[in-house]
Amino acid sequence: MGGMRGEYKVPGGKLVAVDLEEVDGRLAEVSVSGDFFLEPDEALGDINAALTGMPVEAGVEQLAGAVTGALADDVSLIGFTAESIGIAIRRALGKATGWDDHDFDVIPARVLAPALHVALDEVIAREVAAGTRPPTARFWDWDSPLVVIGSFQSVRNEVDPDGARQHGIDVVRRVSGGGAMFMEPGNTITYSLVVPTSLVEGLSFERSYSFLDEWVIGALADVGVDAHFVPLNDIASDRGKIGGAAQKRFASGAVLHHVTMAYDIDADKMLEVLRIGREKMSDKGTKSANKRVDPMRSQTGMTREAILESFAASFSRRYRSSESDYTPAELASAQRLVDEKFATPEWTHRVP
């Protein structure tokens, strides 16, 4: 087989490239390069030698282990890691993919029942895994209030039933982990990104969060917000937290990554509905009435609709994309999931 090349840009770090050949199921003529730093520079030869002869089916962890095992204790990898070399090799072999290997569907914000958006996450993930829909970025909009709790959260620990009843707010459990989302029409900016597992191959959960959030840091800059990623799953500016991400990896071959950012939240109402919110807000010294959580509105001065449009445009400029929409079949499948799963007490209260 002829020469192959794979590249991987370390989030917040440097570019790693690997050129190689495959001979009898083994890596041959391995040459690692990039704009990283390596001390002492003679260690590059040790890295190439350690990788030469490795089986082509070796995963990122095995490849990284070969690299680290061959390096002396005084070797410093600066701006890259042994894992990043493994990812570049997997990409060279066609086992892992990069952003440029995909064409994305972008679905602009469309007003739907919020529970339907929760169900669409699962529907779209099934389709991306099956290859019947391209990787998809979609933006949420909704017409009624809802609390969306994480897959592993306890309903009674998170939600005050009297407050939820008073404000007419239902509770739906989503498929991903993470914390509760207090969602009223117009109060948050929420999107879902569904990609093949190959895009995050070799990345830990923590690294995949920053990797999949990289584009939105640029999108925030486009609307005047200097933001950064805060492990494990938060996005913040110098004025504090803006939003958080949640993720679900499906065994079928897709990753769901979604983010919610506070646009303009009624904190008083949120504290009446979410128990956990009271503790978090009291830690911040927020006790007076009529407080609002509005980092996106106050920091941008833009309408929510304008931010959503700017985000969609920013994603499309960054990656090969086409505007898309939900099909009638997808909406019907999502509604069935709402009726048979997400709206049932068995699912909602599976962690009482």
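Which domains does the domain assignment of the protein give? Good morning, colleagues. The assignment gives domain 1, covering 4-93, and domain 2, covering 99-349. Please keep in mind that the structure before us is a predicted model.

I shall begin with how the two domains stand to each other. Taken over C-alpha atoms, the centres of domain 1 and domain 2 are separated by 35 Å. Nine residues from domain 1 and eight residues from domain 2 take part in the contact. The size of an interface is often given as the accessible area lost when the parts come together. Here the area buried between domain 1 and domain 2 is about 690 Å², and carbon and sulfur atoms give 50% of that area. On the side of domain 1, three residues deserve to be named: Pro11, Ile87 and Arg91 supply 47% of the area that domain 1 buries against domain 2, more than any other three residues.

Next, I turn to helix H3, which spans residues 82-92 and holds Arg90. Is Arg90 buried or exposed? Its relative accessible area is 11%, and because the cut-off for a buried residue is under 20%, Arg90 is classed as buried. A polar atom of the Arg90 side chain lies 3.2 Å from the backbone oxygen of Ala58. Neighbours within four places in sequence set aside, Arg90 is in contact with Val56, Glu57, Ala58, Gly59, Val60, Leu63, Lys95, Ala96 and Glu201.

Let us move to helix H4, residues 114-130. With 17 residues at 1.5 Å a residue, H4 should span 24 Å, and its end C-alpha atoms are 25 Å apart, which agrees. Where does H4 bend? The bend is at Leu120 and amounts to about 25 degrees. As for its surroundings, 14 of the 17 residues of H4 are buried, so the helix is largely enclosed by the rest of the structure. Just after H4 comes Gly131, whose phi is positive, at about 80 degrees.

Finally, I would draw your attention to Thr348, in helix H13, residues 345-348. Thr348 counts as buried because its relative accessibility is 6%. Which residues is Thr348 in contact with, leaving aside its neighbours within four places in sequence? They are Ile149, Val155, Val171, Arg173 and Phe342.

To close, I return to two of the residues discussed: Arg90 is buried at 11%, and Thr348 is buried at 6%. Thank you for your attention.

Terms used
Residues are numbered from 1 along each chain as its sequence is written. This is a predicted model: local features need pLDDT of at least 70, side-chain atom pairs count only at pLDDT 80 or more; totals for chains, interfaces and linings use all residues. Side-chain values use heavy atoms; hydrogens and water are left out. Helices (H or I, at least four residues) and strands (E, at least two) are DSSP runs, numbered from the N terminus. The expected span of a helix is 1.5 Å times one less than its number of residues. The bend at a residue is the angle between axes fitted to the seven residues ending there and the seven starting there. Buried means under 20% relative accessible area, exposed over 50%, partly exposed in between (1.4 Å probe, protein chains only). Contact means heavy atoms within 4.5 Å. A polar contact is a pair of N or O atoms within 3.5 Å; within protein, one must be able to donate a hydrogen and the other to accept it, and residues adjacent in sequence count only if both atoms are side-chain atoms. Domain bounds come from an automatic or database domain assignment. Buried area is the accessible area (1.4 Å probe) that two parts lose on being put together, summed over both.
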